[in-house]
Amino acid sequence: MKPRWPMIALCISVLVASAPSAAFPTKDEYVVIADNNQKSTVPVDTTEKPRAPIKLTEMRVRSEVALRYARTSVLTHVHNPDARPQEVTFRMLLPDTAFISGFTMILSGKSYKAYVKEKEEAKQIYTQAVSQGLGAAHVATKARDSNHFTVSTNVEGNTTAVFDLRYEEFLVRRNGLYNHAINLHPGSFVPKMEVVVHIKESQKITALRVPEVRTGNEVDATEKDAQNSKAVIQKSTNEKEATVTFTPDLTEQRRLAQIYAEKTKQKSSSEKYIGYSSTEEENDEDATVLGQFVVQYDVERTNNGEILVNDGYFVHFMAPTSLPPLSKYVVFVLDTSGSMMGRKVEQLRSAMEAILSDLNPNDYFSIVEFNSDVKVHELKEADEEPAPAYSHYSYFNTRNTPVTLVPPSPATAENIAKAKVIVSRLNASGGTNIYSALEVAFNLVRKGTRNENETDVSSTVATTTDGVSTTAATTKKTEKIEKELEPIVIFLTDGDPTVGETSTARILSFITEKNSGDKRASLYSLAFGEDADRAFLRKLSLRNEGFMRHIYEAADAALQLHDFYRQVSSPLLSHVQFLYPEKQIKEGSLSRNKFRTINAGSEVAIVGQVADDATEITPQVNAFCGNDDGIGRKRYEVSQKVIVPKTKDEHLPLERLWAYLTIKQLLDKRDAADDSKDDSAEKKALAIALKYEFVTPLTSLVVVKPEETNAVDVESVDNLPSYSTPFTPHLAIMGPPPASRPNNAYLTSNYASIGASSFASLPGLPPPYFASGNIQPLALDAAHFPDALQVEDDMDYGFETTRTTTPIILTTYATTTAQLESYHLEFFEWTSSLLNPFKDTLAFNDNGTEVILKLSKDDDPPKADGGDTECSNSTSAVGASDSAASVCVYLTRCHAARSITADDYQKSYCVVDNKYAGVCCARADVDKTP
């Protein structure tokens with residue numbers, strides 16, 4: 001997502017590379033350079049004369065934003081005034097969530113268009129090119145959450161080269177606004193510079209701001225920030241379109257460069273320098289960095305969402321605005337290990353003070369501090385003398401202090417004041433016991449997220465307005481209602497696990513299993529600084545209903561932490577399900593349609609393909625929302641009806657939006673999944689990327705010219721520590737090198753945020769780390785994909801199974817204890833995640849097959865006509881020992897099946913009487929009396 005920062009950011013630098021750089025770059029500052037080796041058509045004077053410098057004469061950026069989907073084109077003109085050919089390096093700073101969709105170079109009047117190929121094919125070309133030698137260039141211009149795009153070519157004497165790069169990204173709503181940002185780092189002042197952003201939405205644009213140009217390394221601008229006086233805004237009469245134009249002349253460019261330079265000098269020395277640098281301009285790096293041009297906007301909306309259909313595709317937006325927030329239970333898990341010492345822990349204290357102030361009156365919270373040991377703080381500590389800091393004990397060993405699970409504290413003014421005293425005393429020392437800290441956090445969640453109250457009220461269903469078809473119902477009898485708190489775990493760390501369980505794979509497995517069932521919590525991980533294992537934290541959060549955010553170690557780290565908390569602190573809906581009739585949607589085309597929460601200021605988008613014979617779409621949204629008094633929750637239901645139009649609107653990019661989101665979500669699922677050799681989902685994503693010409697972690701962009709093949713590397717500006725080997729959207733540069741370059745090069749491809757993933761090095765190839773001496777080339781293979789689905793031909797499935805090679809989107813329904821009781825499953829709580837109460841079935845995905853098993857409401861459980869048969873197809877059995885004989889019986893007949901998980905069942909299920917939900921059960925546990 002990671003997603004993560006919703007912005008479109010690009011950087012353009014056009015440089016002259018006439019000699020190898022004398023600077024020695026750090027390992028995340030290499031880009032691959034290629035030489036076209038073109039033959040000049042102009043005679044070259046062999047006497048040494050100063051070369052006339054390359055000039056960037058024009059830069060035009062055009063962004064078309066339709067329905068939050070931004071398509072950006074960057075056109076730059078570079079003139080070589082010298083009679084001799086010179087090498088030019090074209091650089092852009094891209095958002096890490098963008099997909100490049102096109103690149104064209106016009107050289108000597110000839111156009112060379114790049115095309116997208118599967119990465120394996122490009123890798124072979126790359127390996128062949130590296131054997132001829134490639135050089136490395138130094139890049140220091142950086143902005144948060146970005147990737148570099150770099151390509152080099154020779155420009156003939158007295159000619160102009162034109163570069164045209166296009167990329168696409170879906171803007172994510174954050175804190176109530178969409179942010180569209182363009183980094184202006186041209187490398188020189190440009191006589192003709194123009195940025196045009198055209199926005200077209202289906203609803204009225206209610207907010208439109210253009211703040212003063214920023215550095216690109218700050219939190220989002222707010223209404224308090226100064227506005228850009230040079231930006232021209234034009235709005236349409238219907239208020240659904242707007243055009244923003246920014247044309248800074250040379251005077252304005254110099255002013256912006258000066259402001260940028262002053263801001264960067266004020267930044268902490270601990271943050272890496274921002275701005276373009278080269279050997280020639282080592283002492284004047286920021287001379288032509290102008291900053292980041294930002295457009296912020298929002299649109300009119302209702303609580304019911306909006307559905308748009310065009311040319312066989314649809315998008316369903318949902319961003320509720322006027323609902324009361326759900327009461328929540330927040331467990332703050334804070335790292336105070338030795339590596340947090342100094343400014344980090346000071347910034348943590350500052351951020352926690354602001355975050356605690358943002359808690360709502362009906363919220364509850366706990367503070368878990370961990371280093372080598374784990375402690376749940378009691379608020380009464382605020383009235384006591386602070387305990388001495390144990391900075392002397394071993395870094396690797398705990399003091400085995402027993403952990404007391406202190407009950408959650410209500411967020412009253414008095415309790416918040418005491419909590420602030422406690423966080424002000426946080427001190428850093430010791431090691432990093434991640435597993436124990438998270439285990440304690442989820443034990444707190446399981447113990448303290450629900451307080452039962454008996455009240456004489458009726459259950460209600462939320463009623464929506466604007467003529468939307470919804471119902472309101474009240475039961476006639478008094479029911480026992482439980483006060484629900486939405487559980488959230490906010491986990492901050494700056495390092496790897498060093499104490500207790502240190503295997504990240506086992507931590508992932510244990511914690512995911514721990515955080516299961518009805519009290520499953522959302523886990524948000526904050527990777528503080530450059531040493532945290534972001535790939536591990538990303539996978540951990542994706543598996544546990546959350547996401548990872550990189551907190552940059554900078555002067556504004558406290559602001560970053562507070563800004564992140566604002567995005568997740570106000571859940572408006574929970575257990576959100578978007579249901580679409582099967583006959584109206586093409587099978588396998590639906591994107592993610594289940595969300596644990598939808599937070600205030602955010603938005604979710606569901607996309608899919610409309611069935612060929614569908615004339616309408618009638619989705620239903622089911623969720624829980626908060627009561628007006630802030631206590632408890634109630635059912636929220638919205639039903640809509642949208643007619644499928646027969647005409648096509650060329651301005652609605654729904655097909656490309658569908659392709660973009662489908663690939664992104666497949667990548668996220670792959671990141672969350674265990675390592676697997678199954679590649680069917682990867683193949684689906686690759687096929688989509690090739691069809692729509694997206695450069696993704698599975699594809700490469702290749703430029704072919706006469707007698708040579710060039711490509712480009714997209715390189716993250718951040719160095720991702722290795723949980724497993726990281727990747728980024730990658731394009732390789734291939735071509736013979738100039739003789740003056742060293743024959744060693746390294747192709748790095750690091751992905752630093754929500755779009756981050758991991759890949760495995762190919763056999764025989766070295767891992768992607770730098771070493772002294774000669775640096776070996778790396779050929780990247782396809783990144784791991786989640787939920788990769790592959791159908792085994794020898795599998796025998798029962799009732800209503802569907803065989804497919806594409807991912808299957810299964811819907812999980814909100815269930816009640818009464819519903820489980822109707823199927824005699826009240827002791828099988830894990831079935832709630834698989835239950836479809838509307839069809840009386842359990843449904844799940846088994847290796848690419850949608851398995852649908854019938855449930856019975858009869859008092860007597862179903863049995864096979866010929867008696868219980870031995871299990872044959874299940875991969876494991878439930879109960880007794882593995883060596884015990886096992887038989888296939890209906891679920892409720894197996895006593896041992898009460899204590900398993902949904903994942904266990906998917907390994908041990910079987911089919912009774914060709915349709916009923918069975919389980920492979922040890923004979924000793926069949927029909928066993930509790």
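Colleague: Let me start with one side chain: is Tyr 178 buried or exposed?

Modeller: Keep in mind that this is a predicted model. The cut-off for buried is under 20% relative accessible area. Tyr 178 comes out at 0%, so it counts as buried.

Colleague: And which ring does Tyr 178 pair with?

Modeller: Ring pairs are judged by the distance between centres and the angle between planes. By that rule there are 22 aromatic pairs here. In one of them, Tyr 178 partners Tyr 297, with 5.0 Å from centre to centre and 40° between the planes, which makes the pair tilted. Tyr 178 belongs to strand E11 (residues 178-184) and Tyr 297 to strand E16 (residues 291-299), so the pair links distant parts of the chain, 119 residues apart. Tyr 297 is buried too, because its relative accessible area is 0%.

Colleague: What does the pair of Tyr 905 and Tyr 909 look like?

Modeller: That pair is also tilted, at 6.3 Å between centres and 50° between planes. Tyr 905 has 0% relative accessibility and so counts as buried. Tyr 909 is at 9%, which means that it counts as buried as well.

Colleague: Which rings join up into a cluster?

Modeller: Look at Tyr 69, Phe 99, Tyr 660 and Phe 694: ring pairs link them into a cluster.

Colleague: Rings can also meet charges. Which charged ends sit over a ring?

Modeller: Here you check the distance from the charged end to the ring centre, with a limit of 6 Å, and the direction relative to the ring normal. Arg 254 has its charged end over the ring of Phe 189, 5.3 Å from the centre. Lys 344 does likewise with Phe 528, at 5.8 Å.

Colleague: On to helices. At what angle do H5 and H6 pack?

Modeller: You compare the directions of the two axes, and under 35 degrees counts as roughly parallel. Helix H5 (residues 434-448) and helix H6 (residues 504-514) pack at about 5°, and their axes are 10 Å apart. H5 and H6 are therefore roughly parallel to each other.

Colleague: Which residues make that contact?

Modeller: From H5 you have Tyr 435, Leu 438, Glu 439, Phe 442, Asn 443 and Arg 446, and from H6 there are Ile 507, Phe 510, Ile 511 and Lys 514. Sorted by type, the contact of H5 with H6 has 6 nonpolar, 1 polar and 3 charged residues.

Colleague: Why would a positive phi catch your eye?

Modeller: Because most residues other than glycine have a negative phi. Asp 311 is a case to look at, with phi near 55°. You'll find Asp 311 in the loop between strand E17 (306-310) and strand E18 (313-318). With 38% relative accessibility, Asp 311 counts as partly exposed.

Colleague: And where is Asn 914?

Modeller: In the loop between strand E47 (909-912) and strand E48 (916-922). Asn 914 isn't a glycine either, yet its phi is positive, about 70°. Its relative accessible area is 67%, so Asn 914 is exposed.

Colleague: One more loop residue: what does Asp 840 touch?

Modeller: For contacts like these, skip residues up to four places away in sequence; that leaves Tyr 823, Leu 853, Lys 854, Leu 855 and Lys 857 touching Asp 840. Take Leu 855: it is 15 residues from Asp 840 along the chain, and their C-alpha atoms are separated by 5.4 Å. Asp 840 itself is in the loop between strand E42 (835-836) and strand E43 (841-846). At 22% relative accessible area, Asp 840 is partly exposed.

Technical notes. Residues numbered from 1 in each chain as written. Predicted model: local features only at pLDDT ≥ 70, side-chain atom pairs only at ≥ 80, totals over all residues. Heavy atoms only, no water. Axes fitted to C-alpha atoms, helices over the stretch in contact; angles between N-to-C directions. Helix = DSSP H or I, 4+ residues; strand = E, 2+ residues; numbered from the N terminus. Parallel < 35°, antiparallel > 145°, perpendicular 65-115°, else oblique. Contact = heavy atoms within 4.5 Å. Nonpolar A, V, L, I, M, F, W, Y, C, P; charged D, E, K, R; others polar. Phe/Tyr/Trp six-rings, centres within 6.5 Å; stacked < 30°, edge-to-face > 60°. Buried < 20%, exposed > 50% of the residue type's maximum accessible area, 1.4 Å probe, protein only. Lys NZ or Arg CZ within 6 Å of the ring centre and 35° of its normal.
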